[in-house]
Amino acid sequence: MYAEDAKDDQNNLPRKKLNQYTFEELQDCADNEFKNLNAAKLSRTAPYEVGSLLERLSPEDRQKVLRKLSEEGASEVLAEMNAEDSAEIISEMRDSRAIKILQALEPDDAADLLRELSEEDRGRLLAKLPAESARVLHDLLAYDRDTAGGVMTPYVTYVHDDMTCDEAIKYLRKCQNDAENVESIYVVDNTKHLVGVLSINKLLWASPDKKISDVMCKTVEGVCTVEQDKESVAQTMTQLHYNTLPVIDSQGCLIGIITHDDVIDIIQEEATEDIQKLHGAGGDETIHDGVLYSVIRRVPWLVINLIIAFLAARVISLFEDKIARITILAVFMNLISSLSGNSGAQTLAVAIRSFALGEFHTRDAAGILFRELIKGCVNGIVVGFIAGIVAGIWTKSSMVGVVIWVSMVLNMTLSGLVGAFIPMFLSKIKCDPAQSSYIFLTTVTDIVGTFIFLSIGSNLLLK
(Lines give C-alpha, C1' and ligand atoms only; values in the text may rest on other atoms or scores of the structure.)
Protein backbone atom coordinates (compact mmCIF):
# COMPACT_ATOMS: atom_id res chain seq x y z
CA MET A 1 0.00 0.00 0.00
CA TYR A 2 2.70 2.50 1.02
CA ALA A 3 4.82 1.55 -1.99
CA GLU A 4 1.86 2.21 -4.31
CA ASP A 5 1.21 5.60 -2.67
CA ALA A 6 4.85 6.54 -3.02
CA LYS A 7 4.77 5.49 -6.68
CA ASP A 8 1.65 7.61 -7.28
CA ASP A 9 3.33 10.62 -5.64
CA GLN A 10 6.37 10.12 -7.84
CA ASN A 11 4.25 9.92 -10.98
CA ASN A 12 2.37 13.07 -9.95
CA LEU A 13 5.56 15.05 -9.27
CA PRO A 14 5.84 16.55 -12.78
CA ARG A 15 2.14 17.45 -12.64
CA LYS A 16 2.63 19.18 -9.28
CA LYS A 17 5.53 21.16 -10.67
CA LEU A 18 3.38 22.32 -13.58
CA ASN A 19 0.90 23.74 -11.07
CA GLN A 20 3.44 26.11 -9.55
CA TYR A 21 5.72 28.82 -10.91
CA THR A 22 9.45 28.51 -11.33
CA PHE A 23 11.54 31.58 -10.59
CA GLU A 24 12.17 32.08 -14.32
CA GLU A 25 8.43 32.00 -15.02
CA LEU A 26 7.84 34.58 -12.29
CA GLN A 27 10.45 36.82 -13.90
CA ASP A 28 8.67 36.44 -17.24
CA CYS A 29 5.44 37.52 -15.52
CA ALA A 30 7.27 40.54 -14.13
CA ASP A 31 8.43 41.48 -17.63
CA ASN A 32 4.77 41.44 -18.72
CA GLU A 33 3.74 43.57 -15.72
CA PHE A 34 2.05 40.53 -14.10
CA LYS A 35 -0.88 40.64 -16.50
CA ASN A 36 -0.94 36.82 -16.76
CA LEU A 37 -0.09 36.03 -13.12
CA ASN A 38 -2.36 33.22 -11.92
CA ALA A 39 -3.34 33.55 -8.25
CA ALA A 40 -4.02 29.82 -7.72
CA LYS A 41 -0.71 28.82 -9.29
CA LEU A 42 1.11 31.51 -7.32
CA SER A 43 -0.35 30.21 -4.06
CA ARG A 44 1.17 26.78 -4.77
CA THR A 45 4.61 28.23 -5.58
CA ALA A 46 7.36 27.84 -2.99
CA PRO A 47 7.39 30.95 -0.72
CA TYR A 48 11.16 31.21 -1.13
CA GLU A 49 10.83 31.61 -4.91
CA VAL A 50 8.20 34.32 -4.54
CA GLY A 51 10.28 36.07 -1.88
CA SER A 52 13.37 36.01 -4.12
CA LEU A 53 11.32 37.71 -6.84
CA LEU A 54 9.91 40.38 -4.49
CA GLU A 55 13.42 41.38 -3.40
CA ARG A 56 14.10 42.39 -7.02
CA LEU A 57 10.88 44.34 -7.65
CA SER A 58 9.76 47.92 -7.20
CA PRO A 59 7.29 48.69 -4.37
CA GLU A 60 4.40 48.93 -6.85
CA ASP A 61 5.16 45.53 -8.43
CA ARG A 62 5.54 43.92 -5.03
CA GLN A 63 2.01 44.90 -4.16
CA LYS A 64 0.72 43.51 -7.47
CA VAL A 65 2.11 40.09 -6.53
CA LEU A 66 1.03 40.14 -2.88
CA ARG A 67 -2.54 41.10 -3.77
CA LYS A 68 -2.79 37.70 -5.47
CA LEU A 69 -2.01 35.94 -2.18
CA SER A 70 -4.04 35.45 0.97
CA GLU A 71 -2.75 36.95 4.23
CA GLU A 72 -1.45 33.53 5.26
CA GLY A 73 0.26 33.03 1.89
CA ALA A 74 1.79 36.52 2.06
CA SER A 75 3.07 35.83 5.58
CA GLU A 76 4.85 32.67 4.39
CA VAL A 77 6.57 34.67 1.65
CA LEU A 78 7.62 37.49 3.99
CA ALA A 79 8.99 34.96 6.48
CA GLU A 80 11.39 33.71 3.79
CA MET A 81 12.67 37.19 2.98
CA ASN A 82 15.24 39.44 4.59
CA ALA A 83 13.60 41.22 7.55
CA GLU A 84 14.49 44.65 6.13
CA ASP A 85 12.75 43.89 2.83
CA SER A 86 9.73 42.41 4.63
CA ALA A 87 9.46 45.52 6.79
CA GLU A 88 9.59 47.75 3.73
CA ILE A 89 6.75 45.78 2.15
CA ILE A 90 4.61 45.87 5.31
CA SER A 91 5.11 49.63 5.64
CA GLU A 92 3.65 50.10 2.14
CA MET A 93 0.45 48.14 2.91
CA ARG A 94 -2.86 49.25 4.31
CA ASP A 95 -2.85 48.81 8.08
CA SER A 96 -5.74 46.36 8.00
CA ARG A 97 -3.90 43.94 5.69
CA ALA A 98 -0.58 44.45 7.47
CA ILE A 99 -2.21 43.51 10.79
CA LYS A 100 -3.63 40.27 9.36
CA ILE A 101 -0.24 39.31 7.92
CA LEU A 102 1.54 40.03 11.22
CA GLN A 103 -0.95 37.79 13.01
CA ALA A 104 -0.35 35.01 10.48
CA LEU A 105 3.42 35.17 10.99
CA GLU A 106 5.19 33.17 13.68
CA PRO A 107 5.79 35.55 16.63
CA ASP A 108 9.60 35.47 16.27
CA ASP A 109 9.33 36.29 12.54
CA ALA A 110 6.84 39.07 13.24
CA ALA A 111 9.16 40.53 15.89
CA ASP A 112 12.11 40.49 13.47
CA LEU A 113 9.99 42.34 10.92
CA LEU A 114 8.76 44.92 13.43
CA ARG A 115 12.32 45.67 14.56
CA GLU A 116 13.11 46.93 11.06
CA LEU A 117 10.16 49.35 10.97
CA SER A 118 10.39 52.97 12.00
CA GLU A 119 9.36 53.62 15.59
CA GLU A 120 6.22 55.38 14.38
CA ASP A 121 5.10 52.52 12.09
CA ARG A 122 5.92 49.90 14.71
CA GLY A 123 3.94 51.68 17.41
CA ARG A 124 0.95 52.22 15.12
CA LEU A 125 0.73 48.56 14.06
CA LEU A 126 1.23 47.24 17.60
CA ALA A 127 -1.57 49.49 18.81
CA LYS A 128 -3.97 47.97 16.25
CA LEU A 129 -3.09 44.33 16.99
CA PRO A 130 -5.26 42.27 19.37
CA ALA A 131 -4.13 42.77 22.97
CA GLU A 132 -2.67 39.27 23.41
CA SER A 133 -0.73 39.34 20.13
CA ALA A 134 0.59 42.83 20.92
CA ARG A 135 1.71 41.69 24.38
CA VAL A 136 3.62 38.70 22.97
CA LEU A 137 5.37 40.87 20.38
CA HIS A 138 6.18 43.58 22.94
CA ASP A 139 7.86 40.93 25.09
CA LEU A 140 9.90 39.59 22.16
CA LEU A 141 10.94 43.08 21.04
CA ALA A 142 12.36 43.72 24.52
CA TYR A 143 15.11 41.16 23.87
CA ASP A 144 18.22 41.77 21.83
CA ARG A 145 17.86 40.22 18.36
CA ASP A 146 21.15 38.31 18.81
CA THR A 147 20.04 36.53 21.99
CA ALA A 148 17.96 33.43 22.66
CA GLY A 149 15.06 35.71 23.63
CA GLY A 150 15.29 37.47 20.29
CA VAL A 151 14.90 34.28 18.23
CA MET A 152 12.72 32.10 20.46
CA THR A 153 9.13 31.08 19.88
CA PRO A 154 6.96 31.96 22.90
CA TYR A 155 4.42 29.22 22.16
CA VAL A 156 5.77 26.22 24.03
CA THR A 157 4.17 22.87 24.87
CA TYR A 158 4.29 22.22 28.61
CA VAL A 159 2.38 20.40 31.35
CA HIS A 160 2.37 20.76 35.12
CA ASP A 161 4.23 18.32 37.34
CA ASP A 162 1.21 17.70 39.59
CA MET A 163 -1.02 16.54 36.71
CA THR A 164 -1.77 12.90 36.07
CA CYS A 165 -0.74 11.54 32.66
CA ASP A 166 -4.40 11.38 31.61
CA GLU A 167 -4.95 15.03 32.62
CA ALA A 168 -1.81 16.04 30.75
CA ILE A 169 -2.99 14.38 27.51
CA LYS A 170 -6.37 16.12 27.76
CA TYR A 171 -4.63 19.43 28.43
CA LEU A 172 -2.35 19.00 25.38
CA ARG A 173 -5.36 18.33 23.17
CA LYS A 174 -6.86 21.68 24.21
CA CYS A 175 -3.73 23.67 23.36
CA GLN A 176 -2.75 21.79 20.19
CA ASN A 177 -3.17 24.85 17.96
CA ASP A 178 -0.51 26.75 19.92
CA ALA A 179 1.95 23.86 20.00
CA GLU A 180 5.13 24.51 18.01
CA ASN A 181 6.68 21.12 18.70
CA VAL A 182 5.35 18.20 20.72
CA GLU A 183 8.20 15.72 20.50
CA SER A 184 9.54 17.02 23.80
CA ILE A 185 7.05 18.10 26.43
CA TYR A 186 8.44 20.38 29.11
CA VAL A 187 7.23 20.17 32.68
CA VAL A 188 6.74 23.18 34.95
CA ASP A 189 5.61 23.66 38.53
CA ASN A 190 2.81 25.93 39.69
CA THR A 191 5.08 29.01 39.35
CA LYS A 192 6.05 27.96 35.80
CA HIS A 193 9.61 27.07 36.76
CA LEU A 194 11.09 24.44 34.44
CA VAL A 195 11.44 21.22 36.44
CA GLY A 196 11.59 18.41 33.86
CA VAL A 197 10.94 17.03 30.40
CA LEU A 198 9.38 13.92 28.89
CA SER A 199 8.75 12.54 25.43
CA ILE A 200 5.29 12.18 23.93
CA ASN A 201 5.87 8.42 23.67
CA LYS A 202 6.61 8.11 27.37
CA LEU A 203 3.49 10.09 28.22
CA LEU A 204 1.24 7.96 25.99
CA TRP A 205 2.55 4.66 27.36
CA ALA A 206 2.47 5.71 31.02
CA SER A 207 -0.34 4.64 33.35
CA PRO A 208 -3.21 7.22 33.10
CA ASP A 209 -3.33 7.87 36.84
CA LYS A 210 0.41 8.24 37.27
CA LYS A 211 1.75 11.70 38.17
CA ILE A 212 3.83 13.57 35.61
CA SER A 213 6.48 14.13 38.29
CA ASP A 214 6.92 10.35 38.50
CA VAL A 215 7.51 9.75 34.77
CA MET A 216 9.38 12.90 33.74
CA CYS A 217 13.15 13.24 33.41
CA LYS A 218 14.26 15.77 36.01
CA THR A 219 17.51 16.58 34.18
CA VAL A 220 16.82 18.94 31.28
CA GLU A 221 19.76 19.32 28.91
CA GLY A 222 20.38 22.30 26.66
CA VAL A 223 18.49 24.87 28.73
CA CYS A 224 19.09 28.38 27.34
CA THR A 225 18.90 31.60 29.28
CA VAL A 226 17.00 34.42 27.65
CA GLU A 227 20.12 36.61 27.31
CA GLN A 228 22.33 33.82 25.91
CA ASP A 229 24.01 34.61 22.59
CA LYS A 230 22.13 32.99 19.72
CA GLU A 231 25.34 31.57 18.23
CA SER A 232 26.04 29.57 21.39
CA VAL A 233 22.40 28.40 21.30
CA ALA A 234 22.96 27.06 17.78
CA GLN A 235 26.14 25.30 18.93
CA THR A 236 24.26 23.68 21.83
CA MET A 237 21.52 22.30 19.58
CA THR A 238 24.10 21.06 17.07
CA GLN A 239 25.95 19.21 19.83
CA LEU A 240 22.85 17.70 21.45
CA HIS A 241 20.94 16.94 18.21
CA TYR A 242 17.64 18.09 19.75
CA ASN A 243 14.73 19.51 17.78
CA THR A 244 13.95 22.10 20.45
CA LEU A 245 15.70 23.80 23.34
CA PRO A 246 13.85 25.42 26.27
CA VAL A 247 14.43 29.09 27.09
CA ILE A 248 14.14 30.33 30.69
CA ASP A 249 14.21 33.80 32.22
CA SER A 250 16.42 34.95 35.10
CA GLN A 251 14.05 33.29 37.63
CA GLY A 252 14.16 29.93 35.85
CA CYS A 253 10.64 30.21 34.42
CA LEU A 254 9.93 28.64 31.02
CA ILE A 255 9.14 31.42 28.53
CA GLY A 256 9.76 29.86 25.11
CA ILE A 257 11.65 27.41 22.92
CA ILE A 258 14.25 27.53 20.19
CA THR A 259 13.29 25.28 17.27
CA HIS A 260 15.54 23.57 14.73
CA ASP A 261 14.43 25.90 11.93
CA ASP A 262 15.49 28.89 14.06
CA VAL A 263 18.92 27.31 14.46
CA ILE A 264 19.26 26.66 10.72
CA ASP A 265 18.63 30.37 10.14
CA ILE A 266 21.19 31.31 12.81
CA ILE A 267 23.87 29.02 11.37
CA GLN A 268 23.27 30.29 7.84
CA GLU A 269 23.34 33.91 9.00
CA GLU A 270 26.52 33.48 11.06
CA ALA A 271 28.33 31.56 8.29
CA THR A 272 27.39 34.22 5.75
CA GLU A 273 28.48 37.00 8.08
CA ASP A 274 31.83 35.35 8.84
CA ILE A 275 32.82 34.68 5.24
CA GLN A 276 31.87 38.21 4.16
CA LYS A 277 33.61 39.90 7.09
CA LEU A 278 36.67 37.76 6.47
CA HIS A 279 37.31 39.67 3.24
CA GLY A 280 36.15 43.08 4.42
CA ALA A 281 32.57 43.11 3.09
CA GLY A 282 29.56 43.98 5.25
CA GLY A 283 28.33 41.10 7.38
CA ASP A 284 24.71 41.72 6.41
CA GLU A 285 25.39 42.62 2.79
CA THR A 286 23.62 40.88 -0.09
CA ILE A 287 24.19 40.89 -3.83
CA HIS A 288 20.98 42.91 -4.29
CA ASP A 289 21.93 45.79 -1.96
CA GLY A 290 22.18 49.29 -3.34
CA VAL A 291 25.48 50.77 -4.51
CA LEU A 292 25.83 53.29 -1.67
CA TYR A 293 24.98 50.73 1.03
CA SER A 294 27.69 48.31 -0.16
CA VAL A 295 30.31 50.98 -0.88
CA ILE A 296 30.05 52.43 2.64
CA ARG A 297 30.78 48.98 4.11
CA ARG A 298 33.59 48.02 1.74
CA VAL A 299 35.59 51.22 1.25
CA PRO A 300 37.09 51.46 4.80
CA TRP A 301 38.68 48.01 4.47
CA LEU A 302 39.81 48.70 0.92
CA VAL A 303 41.54 51.85 2.20
CA ILE A 304 43.30 49.75 4.84
CA ASN A 305 44.30 47.33 2.08
CA LEU A 306 45.63 50.27 0.09
CA ILE A 307 47.76 51.39 3.02
CA ILE A 308 49.14 47.86 3.33
CA ALA A 309 49.97 47.87 -0.38
CA PHE A 310 51.86 51.16 0.00
CA LEU A 311 53.78 49.74 2.97
CA ALA A 312 54.69 46.68 0.90
CA ALA A 313 55.79 48.98 -1.92
CA ARG A 314 57.92 50.91 0.58
CA VAL A 315 59.64 47.68 1.64
CA ILE A 316 60.38 46.87 -2.00
CA SER A 317 61.81 50.37 -2.54
CA LEU A 318 64.34 49.74 0.21
CA PHE A 319 65.85 47.04 -2.01
CA GLU A 320 65.44 48.96 -5.27
CA ASP A 321 69.13 49.12 -6.13
CA LYS A 322 69.65 45.45 -5.30
CA ILE A 323 66.63 44.39 -7.37
CA ALA A 324 68.06 46.40 -10.25
CA ARG A 325 71.27 44.39 -9.97
CA ILE A 326 69.51 41.06 -9.44
CA THR A 327 66.36 41.28 -11.55
CA ILE A 328 65.49 37.65 -10.88
CA LEU A 329 64.32 38.75 -7.40
CA ALA A 330 61.48 40.71 -8.97
CA VAL A 331 60.44 37.66 -10.99
CA PHE A 332 59.92 35.46 -7.94
CA MET A 333 58.72 38.08 -5.45
CA ASN A 334 55.03 37.60 -6.26
CA LEU A 335 55.44 33.81 -6.14
CA ILE A 336 56.65 33.95 -2.54
CA SER A 337 53.96 36.34 -1.28
CA SER A 338 51.17 34.52 -3.16
CA LEU A 339 51.99 31.03 -1.84
CA SER A 340 52.62 32.34 1.66
CA GLY A 341 49.29 34.15 1.61
CA ASN A 342 47.46 31.02 0.42
CA SER A 343 49.11 28.93 3.13
CA GLY A 344 48.08 31.42 5.80
CA ALA A 345 44.55 31.63 4.36
CA GLN A 346 44.17 27.85 4.75
CA THR A 347 45.06 28.11 8.43
CA LEU A 348 42.82 31.13 8.84
CA ALA A 349 39.82 29.35 7.28
CA VAL A 350 40.19 26.37 9.63
CA ALA A 351 40.65 28.66 12.64
CA ILE A 352 37.57 30.76 11.83
CA ARG A 353 35.50 27.59 11.43
CA SER A 354 36.67 26.35 14.83
CA PHE A 355 35.66 29.63 16.45
CA ALA A 356 32.27 29.55 14.72
CA LEU A 357 31.57 26.01 15.95
CA GLY A 358 32.81 26.70 19.48
CA GLU A 359 35.68 24.23 19.14
CA PHE A 360 38.30 26.69 20.37
CA HIS A 361 39.12 27.05 24.08
CA THR A 362 41.69 29.42 25.57
CA ARG A 363 43.81 26.63 27.03
CA ASP A 364 44.21 25.20 23.52
CA ALA A 365 45.91 28.36 22.21
CA ALA A 366 49.57 27.42 22.76
CA GLY A 367 49.13 23.94 21.30
CA ILE A 368 47.24 25.24 18.25
CA LEU A 369 49.85 27.92 17.54
CA PHE A 370 52.68 25.39 17.80
CA ARG A 371 50.95 22.87 15.52
CA GLU A 372 50.13 25.48 12.89
CA LEU A 373 53.71 26.72 13.01
CA ILE A 374 54.95 23.17 12.38
CA LYS A 375 52.37 22.64 9.60
CA GLY A 376 53.46 25.87 7.93
CA CYS A 377 57.11 24.86 8.23
CA VAL A 378 56.51 21.42 6.72
CA ASN A 379 54.44 22.97 3.91
CA GLY A 380 57.27 25.40 3.28
CA ILE A 381 59.88 22.64 3.18
CA VAL A 382 57.89 20.56 0.69
CA VAL A 383 56.53 23.33 -1.55
CA GLY A 384 59.72 25.39 -1.23
CA PHE A 385 61.85 22.41 -2.26
CA ILE A 386 59.76 21.92 -5.42
CA ALA A 387 59.81 25.65 -6.18
CA GLY A 388 63.56 25.82 -5.51
CA ILE A 389 64.30 22.95 -7.90
CA VAL A 390 62.20 24.52 -10.66
CA ALA A 391 63.69 27.98 -10.06
CA GLY A 392 67.24 26.57 -10.02
CA ILE A 393 66.74 24.72 -13.31
CA TRP A 394 65.00 27.72 -14.87
CA THR A 395 67.69 30.23 -13.92
CA LYS A 396 70.55 27.71 -14.08
CA SER A 397 71.59 28.89 -10.63
CA SER A 398 71.52 26.62 -7.60
CA MET A 399 71.82 29.64 -5.30
CA VAL A 400 68.54 31.08 -6.64
CA GLY A 401 66.91 27.74 -5.80
CA VAL A 402 68.31 27.94 -2.25
CA VAL A 403 66.97 31.50 -1.84
CA ILE A 404 63.50 30.42 -3.00
CA TRP A 405 63.51 27.39 -0.72
CA VAL A 406 64.70 29.17 2.43
CA SER A 407 62.35 32.11 1.84
CA MET A 408 59.39 29.78 1.28
CA VAL A 409 60.10 27.86 4.49
CA LEU A 410 60.36 31.02 6.59
CA ASN A 411 57.36 32.73 5.03
CA MET A 412 55.03 29.73 5.16
CA THR A 413 56.04 29.06 8.77
CA LEU A 414 55.26 32.65 9.63
CA SER A 415 51.97 32.73 7.69
CA GLY A 416 50.79 29.51 9.37
CA LEU A 417 51.53 30.97 12.80
CA VAL A 418 49.89 34.32 12.01
CA GLY A 419 46.86 32.68 10.37
CA ALA A 420 46.07 31.00 13.69
CA PHE A 421 47.11 33.94 15.88
CA ILE A 422 44.97 36.67 14.25
CA PRO A 423 41.51 35.21 15.10
CA MET A 424 42.75 34.33 18.60
CA PHE A 425 43.93 37.89 19.16
CA LEU A 426 40.72 39.42 17.81
CA SER A 427 38.67 37.15 20.07
CA LYS A 428 40.84 38.09 23.05
CA ILE A 429 40.14 41.81 22.56
CA LYS A 430 36.41 41.06 22.18
CA CYS A 431 36.28 41.60 18.40
CA ASP A 432 34.71 39.29 15.82
CA PRO A 433 37.47 36.78 14.84
CA ALA A 434 36.24 36.88 11.25
CA GLN A 435 36.33 40.67 10.96
CA SER A 436 38.70 41.27 8.02
CA SER A 437 41.17 38.66 9.27
CA TYR A 438 42.32 38.03 5.70
CA ILE A 439 43.33 41.68 5.32
CA PHE A 440 45.40 41.50 8.51
CA LEU A 441 46.99 38.30 7.24
CA THR A 442 48.04 39.93 3.98
CA THR A 443 49.75 42.64 6.03
CA VAL A 444 52.22 40.04 7.26
CA THR A 445 52.60 38.03 4.06
CA ASP A 446 53.00 41.12 1.87
CA ILE A 447 55.15 43.32 4.08
CA VAL A 448 57.11 40.99 6.35
CA GLY A 449 57.23 38.18 3.77
CA THR A 450 58.55 40.48 1.05
CA PHE A 451 61.19 41.86 3.44
CA ILE A 452 62.35 38.33 4.35
CA PHE A 453 62.62 37.26 0.71
CA LEU A 454 64.46 40.34 -0.49
CA SER A 455 66.81 40.31 2.51
CA ILE A 456 67.79 36.67 1.95
CA GLY A 457 68.03 37.12 -1.81
CA SER A 458 70.17 40.26 -1.72
CA ASN A 459 72.51 38.81 0.91
CA LEU A 460 73.04 35.42 -0.73
CA LEU A 461 73.02 36.41 -4.41
CA LEU A 462 75.26 39.46 -4.11
CA LYS A 463 78.10 37.60 -2.46
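Which helix gives the most to the nonpolar patch? Helix 21 (residues 365–395) does, with 11 residues. The structure is a predicted model, in which local features need pLDDT of at least 70, side-chain atom pairs count only at pLDDT 80 or more, and totals for chains, interfaces and linings use all residues. Residues are numbered from 1 along each chain as its sequence is written, and side-chain values use heavy atoms, with hydrogens and water left out.

The protein has 23 helices and six strands. Helices (H or I, at least four residues) and strands (E, at least two) are DSSP runs, numbered from the N terminus. Of its 463 residues, 43% count as buried. Buried means under 20% relative accessible area, exposed means over 50%, and partly exposed lies in between (1.4 Å probe, protein chains only). The exposed surface of the protein is about 25200 Å², and carbon and sulfur atoms supply 56% of it. Accessible areas come from the Shrake-Rupley method with a 1.4 Å probe; for residues, only the protein chains shown count as cover. Among contacts (heavy atoms within 4.5 Å) with a separation of 6 or more, 66% join residues 24 or more positions apart.

The nonpolar patch covers about 1100 Å². Its members include Phe-370, Ile-374, Phe-385, Ile-389 and Trp-405. Patches are made of residues with over 30% relative accessible area and no salt bridge; like charges are joined within 9 Å, and nonpolar side chains (Val, Leu, Ile, Met, Phe, Trp, Tyr) within 5 Å. Ile-389 lies in helix 21. At a relative accessible area of 42%, Ile-389 is partly exposed. Helix 21 also holds a salt bridge between Glu-372 and Lys-375, with the closest N and O atoms 3.0 Å apart. A salt bridge is a side-chain nitrogen of Lys or Arg within 4 Å of a carboxyl oxygen of Asp or Glu. The two residues are three apart in the helix, so about one helical turn separates them. Glu-372 is buried, at 11% relative accessibility. Lys-375 is partly exposed, at 43%.

In soluble globular proteins, nonpolar side chains tend to be buried together. A nonpolar core is a set of buried Ala, Val, Leu, Ile, Met, Phe, Trp, Tyr and Cys residues joined through side-chain atoms within 4.5 Å. The largest such core here has 55 residues, of which Leu-54, Val-65, Ile-90 and Ile-258 touch the most other members. Apart from it lies another core of 24 residues, including Trp-301 and Phe-453. Leu-54 is one of the buried residues of helix 4 (residues 47–54). The buried residues of helix 4 pack against helix 2 (23–31), helix 3 (39–43), helix 5 (59–66), helix 6 (71–80) and helix 7 (83–91).

Helices 5 and 7 are also linked by a salt bridge. Glu-88 pairs with Arg-62, the closest N and O atoms being 3.5 Å apart. The partners are 26 residues apart in sequence. Glu-88 is partly exposed, at 34% relative accessible area, whereas Arg-62 is buried, at 4%. The whole structure contains 13 salt bridges. Asp-95, Asp-121, Arg-124 and Lys-128 are linked in a network of them.

Strands 4, 5 and 6 form an open sheet in the order 4-5-6, with mixed pairing. Strand 4 (224–225) and strand 6 (254–259) stand at the edges. Each has a single partner strand, so one side of each is left without a neighbour in the sheet. Strands pair if DSSP finds at least two bridges between them. Five bridges join strand 5 (residues 244–248) to strand 6, and the two run antiparallel. Leu-245 has Ile-258 in strand 6 as its bridge partner. Beyond four places in sequence, Ile-258 touches residues including Ala-148, Met-152, Val-233 and Val-263.

Strand 2 (residues 184–188) and strand 3 (residues 194–199) are also antiparallel and joined by five bridges. They form a hairpin with five residues between them. Lys-192 in the turn has a positive phi of about 70 degrees. Ile-185 is the bridge partner of Leu-198 in strand 3.

Gly-341 sits in helix 20 (residues 328–356). This glycine is buried, at 9% relative accessible area. Gly-341 and Gly-449 are 108 residues apart in sequence, yet their C-alpha atoms are 9.2 Å apart. Leaving aside residues up to four places away in sequence, Gly-341 touches Leu-441 and Thr-445.
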